[in-house]
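Student: I have a sequence and a structure to read. Please take me through the features one at a time.

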Amino acid sequence: MELLAIYVSPRLQGNSRILLDNLVAGVTSQGISVERLFLSQLNIKFCQACPISEPGRWCRLEDDLLPVYEKVLSAKAVAIGSPIYFGSLPAQIKALIDRFQCVWLAREKGWLTLENKKPGVFLGVEASKREDFFQNARSIIKNFFATAGFAYADELFCPGMEKEGDVLSRKDCLEIAFQIGLRLAQRCR
Ligand SMILES: Cc1cc2nc3c(=O)[nH]c(=O)nc-3n(C[C@H](O)[C@H](O)[C@H](O)COP(=O)(O)O)c2cc1C
């Protein structure tokens, strides 16, 4: 797997899924392999703030996130498609991000070295047209990328998307997502 595509929304035919699918289509059109992760199908516990990080071992909680650490850390690129909930990121992705505290600790203690050069992309949708909501989400995603070894490389934000599938009428957004996928594929080589 070269690109890890993380789908955040519980709406499996939702706007962020459609956008991320278009990005994925751009990536796979260039022969790059993709693994899709649907967060709503995973059981992810909340971080318990344990102060311990051990070399060679990630979080002590046992749930569906355990295999995700290796997927994120070994991917050549990551793309996240998410709606805005209450002015920021949904709990589904925030739970995953908080659980990367063990990765942050491992880097802090020198057990793990990452260069933060791999590209990370964020696609966001919201019903309103609030730029500040997107900035909130972007700030958290940037922080996550920097912890997990990625550089914030590209983004697309589509406001005014309320009902499932609204984005299908925004051919411009669909095309931009595909183009971002093409650019990302170049960086996965
Ligand atoms: C719990 C919840 C909270 C939401 N909060 C916001 C919000 O703060 N601002 C906004 O513009 N849209 C908000 N929305 C609307 C979604 O962002 C919007 O419907 C989006 O298109 C959903 O993306 P999806 O189709 O990929 O699930 C919220 C939706 C839900 C379910």
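Student: How many of the residues count as buried?

Tutor: A residue is buried if 20 or more other C-beta atoms, placed from the backbone, lie within 10 Å of its own, exposed if 12 or fewer, and partly exposed in between. Of the 189 residues of this chain, 40% are buried. The model is predicted, so local features need pLDDT of at least 70 and side-chain atom pairs count only at pLDDT 80 or more, while totals for chains, interfaces and linings use all residues. Residues are numbered from 1 along each chain as its sequence is written.

Student: What pattern of helices and strands does the chain follow?

Tutor: Helices (H or I, at least four residues) and strands (E, at least two) are DSSP runs, numbered from the N terminus. Here there are six helices and five strands, and along the sequence they read β-α-β-α-β-α-α-β-α-β-α. The radius of gyration is 16 Å, close to the 16 Å from the globule rule for 189 residues, so the chain is as compact as a globular protein of that length. That radius is taken over C-alpha atoms, and the rule is 2.2 Å times the number of residues to the power 0.38.

Student: What is the order of the strands in the sheet?

Tutor: Two strands pair if DSSP finds at least two bridges between them. The order in this open sheet of five strands is β2-β1-β3-β4-β5, and the pairing is parallel. At the edges are β2 (34-38) and β5 (150-158), each paired on one side only. Between β4 (residues 118-125) and β5 there are eight bridges, and Lys-118 stands opposite Phe-150 in β5.

Student: Which strands does helix α6 touch?

Tutor: Residues are in contact if their C-beta atoms, placed from the backbone, lie within 7 Å. Helix α6 (residues 171-187) packs on the sheet and touches β1 (3-7), β3 (77-83), β4 and β5. Its direction makes about 170 degrees with that of β5; axes are lines fitted to C-alpha atoms, for helices over the stretch in contact, and angles run from 0 to 180 degrees between N-to-C directions.

Student: Which residues of helix α3 are buried?

Tutor: In α3 (residues 91-98) they are Gln-92, Ile-93, Lys-94 and Leu-96, and these buried residues pack against β3.

Student: Which residues come nearest to the ligand?

Tutor: A residue is near a molecule if its C-beta atom, placed from the backbone, lies within 6 Å of it. There are 20 residues around the ligand, and Gly-14, Ser-16, Pro-83, Glu-126 and Ser-128 come nearest. Helix α1 (residues 15-28) gives the most to this shell, with three residues.

Notes:
Two residues are in contact if their C-beta atoms, placed from the backbone, lie within 7 Å.
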